[in-house]
Amino acid sequence: MHAASPRPRAKTPGCSPSMAQAASQEKSGMNHPYEQLDERAFWAPAVAKKHMLDISELWAPKFRIDSRMKVVTFGSCFAQHIGRALRERGFDWFIPEATPMALNPDSAARFNYGVFSARTANIYTASLLKQWMQWSLGLQAVPDEVWEKDGRYYDPFRPNIEPQGFESVAEMLASRDMTLQAFKRCILESDVFVFTMGLTESWFNKEHGYEYPMCPGTVAGEFDPARHSFRNQKFWDILGSMKEVIAGMRALNPKLKFLLTVSPVPLTATMSGQHVLVATMESKSILRTVAAALRDGHGGFVDYFPSYEVINAPPFRGAFFEPNLRSVNHTGVAHVMDLFFHALVQKFGRSVLPPSKTPTSPAGKTSEAQRAEVVCEEELLQAFSPRGASQGAA
């Protein structure tokens, strides 16, 4: 009998470097690619061994944002903090829809002036943003739906824009037309479009397909299950809407760049059938994944700023939330915005900052009431909780 020949060793893909790779590594003195990474890539030195307020270099901006550029902000509630921070630091937060001169800052905020760059109210979803773009550019007709309550008239697409409603349909339509014109100017004239994505859950008109920012019957209007449908949008829905927005706006303004964020604020309520905590994590995870896909797929003109991570990541231990575990406190907002401006200076130098500190807005300085509150229609859903509104949106 002949002794069995030894079986050849199977090569494990990815484990044994080729001769060329081995030679290259030997020449460079490197055993594997992790040896060339700086400490930002490792959890212990970048996170675990630092005080949470010393965790840094979380964002490397793709493009310059400086005080000479027109920056517009839209989206979920957290976007309001970005606009205010820009204004307070002397940047050009572009607001083409002017605040009436007779309104003081607190009244202006109550009537939704100077909250976003146009008086759209919160734009919670990517499909709502696409809808505003299409309406403002005349690509689609604005629906003629009007809501009436106690002799006052409400805009279905900005239901809380006038807290007591409009006196007439004509006044409501004139107000909406001003907002559409301002939104169009934001597209055509701005340099940076900041959009904070907040929700995947949405409500649509079944027959005509247009979207409402809130479920009819909550803020105003009447809910009709035969006319209104719930949709929890998925990754491909949201990605497709955002791609249309970016392509459509840049077709008219090729210089326009987009800075995306994801709201760190949990859902007030969910229609998904899941526990609200699970629904929140699913929704934010989808939005965060969309933001990454857009950032990675659009070269140098779409970027993502990690405000969501700064507020929600485990190392920050929930310290940036108010006791209701939803609202972001002043410390959290300040920390996020400090990281934002510091990253710009680190990348582009101090030339991005304004030459001197100036209180900036035509509406005047930010009041204490404005600092304390953000305008969130979604938060009004808390009133329908079985326990009511005992505790204070996305």
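This passage describes helix packing, aromatic pairs and selected buried residues in a predicted model.

Three helix contacts are considered in turn. Helix H3, which spans residues 79-88, packs against helix H10, residues 330-348, at an angle of about 60°, and their axes are 11 Å apart. That angle makes H3 oblique to H10. The crossing of H3 past H10 is right-handed. On the H3 side the contact involves His-81, Ile-82, Ala-85 and Leu-86, which meet Val-333, Met-337, Phe-340 and Phe-341 of H10. Sorted by class, the residues of this contact comprise 7 nonpolar and 1 polar, with no charged residues.

Helix H10 also contains Val-336. With a relative accessibility of 0%, Val-336 counts as buried, because the cut-off for burial is under 20%. Val-336 is separated from Ile-82 by 254 residues in sequence, yet the C-alpha atoms of the two are 9.2 Å apart in space. When neighbours within four places in sequence are left aside, Val-336 is in contact with Phe-78, Phe-305, Ser-307, Val-310 and Ile-311.

The second contact joins H5 and H6, whose axes come within 9 Å and cross at roughly 100°. H5 is thereby roughly perpendicular to H6. Leu-129, Trp-132, Met-133, Trp-135 and Ser-136 of H5 form the contact with Thr-179, Leu-180, Phe-183, Lys-184 and Ile-187 of H6. In the contact of H5 with H6, 7 residues are nonpolar, 2 are polar and 1 is charged.

In the third contact, the axes of H7 and helix H8 (residues 276-297) come within 10 Å, with a crossing at roughly 40°. H7 and H8 are therefore oblique to each other. Their crossing is right-handed. From H7, the participants are Phe-235, Ile-238, Leu-239, Met-242, Lys-243 and Ile-246, while H8 contributes Ile-286, Leu-287, Thr-289, Val-290, Ala-293 and Leu-294. The contact of H7 with H8 has 10 nonpolar residues, 1 polar residue and 1 charged residue.

Aromatic pairs were examined next. The structure holds 20 such pairs. In one of them, the ring centres of Trp-135 and Phe-157 are 4.8 Å apart and the ring planes lie at 70°, so the pair is edge-to-face. This pair links distant parts of the chain, 22 residues apart: Trp-135 belongs to helix H5 (residues 126-136), and Phe-157 to the loop between strand S4 (152-154) and helix H6 (169-189). Trp-135 and Phe-157 are both buried. In another pair, Phe-316 and Phe-320 have ring centres 5.7 Å apart and planes at 35°, so the pair is tilted. Phe-316 is buried, its relative accessible area being 4%. Phe-320 is likewise buried, with a relative accessible area of 1%.

Ring pairs also link a set of aromatic residues into a cluster, which consists of Phe-74, Trp-132, Trp-135, Trp-147, Phe-157, Phe-183, Phe-193, Tyr-210, Tyr-212 and Phe-258. Among the members of this cluster, Trp-132, Trp-135 and Phe-183 also take part in the contact between H5 and H6.

Leu-256 is located in the loop between helix H7 (235-252) and strand S9 (257-262). Its relative accessible area is 0%, and Leu-256 is buried. Leu-256 and Leu-188 are 68 residues apart in sequence, with a C-alpha to C-alpha distance of 8.4 Å. Apart from neighbours within four places in sequence, Leu-256 is in contact with Ile-187, Ser-190, Asp-191, Val-192, Phe-193, Met-249, Arg-250 and Phe-301. Of these partners, Phe-193 is also one of the residues in the aromatic cluster.

Backbone geometry was considered last. Most residues other than glycine have a negative phi. In Asn-112, a residue other than glycine, phi is positive, near 65°. Asn-112 is placed in the loop between helix H4 (105-110) and H5. Its relative accessibility is 5%, and Asn-112 therefore counts as buried. Ala-121, also a residue other than glycine, has a positive phi near 65°. Ala-121 lies in the loop between H4 and H5. At a relative accessibility of 5%, Ala-121 counts as buried.

Definitions and conventions: Residues numbered from 1 in each chain as written. Predicted model: local features only at pLDDT ≥ 70, side-chain atom pairs only at ≥ 80, totals over all residues. Heavy atoms only, no water. Axes fitted to C-alpha atoms, helices over the stretch in contact; angles between N-to-C directions. Helix = DSSP H or I, 4+ residues; strand = E, 2+ residues; numbered from the N terminus. Parallel < 35°, antiparallel > 145°, perpendicular 65-115°, else oblique. Left-handed = near helix turned anticlockwise from the far one by under 90°. Contact = heavy atoms within 4.5 Å. Nonpolar A, V, L, I, M, F, W, Y, C, P; charged D, E, K, R; others polar. Phe/Tyr/Trp six-rings, centres within 6.5 Å; stacked < 30°, edge-to-face > 60°. Buried < 20%, exposed > 50% of the residue type's maximum accessible area, 1.4 Å probe, protein only.
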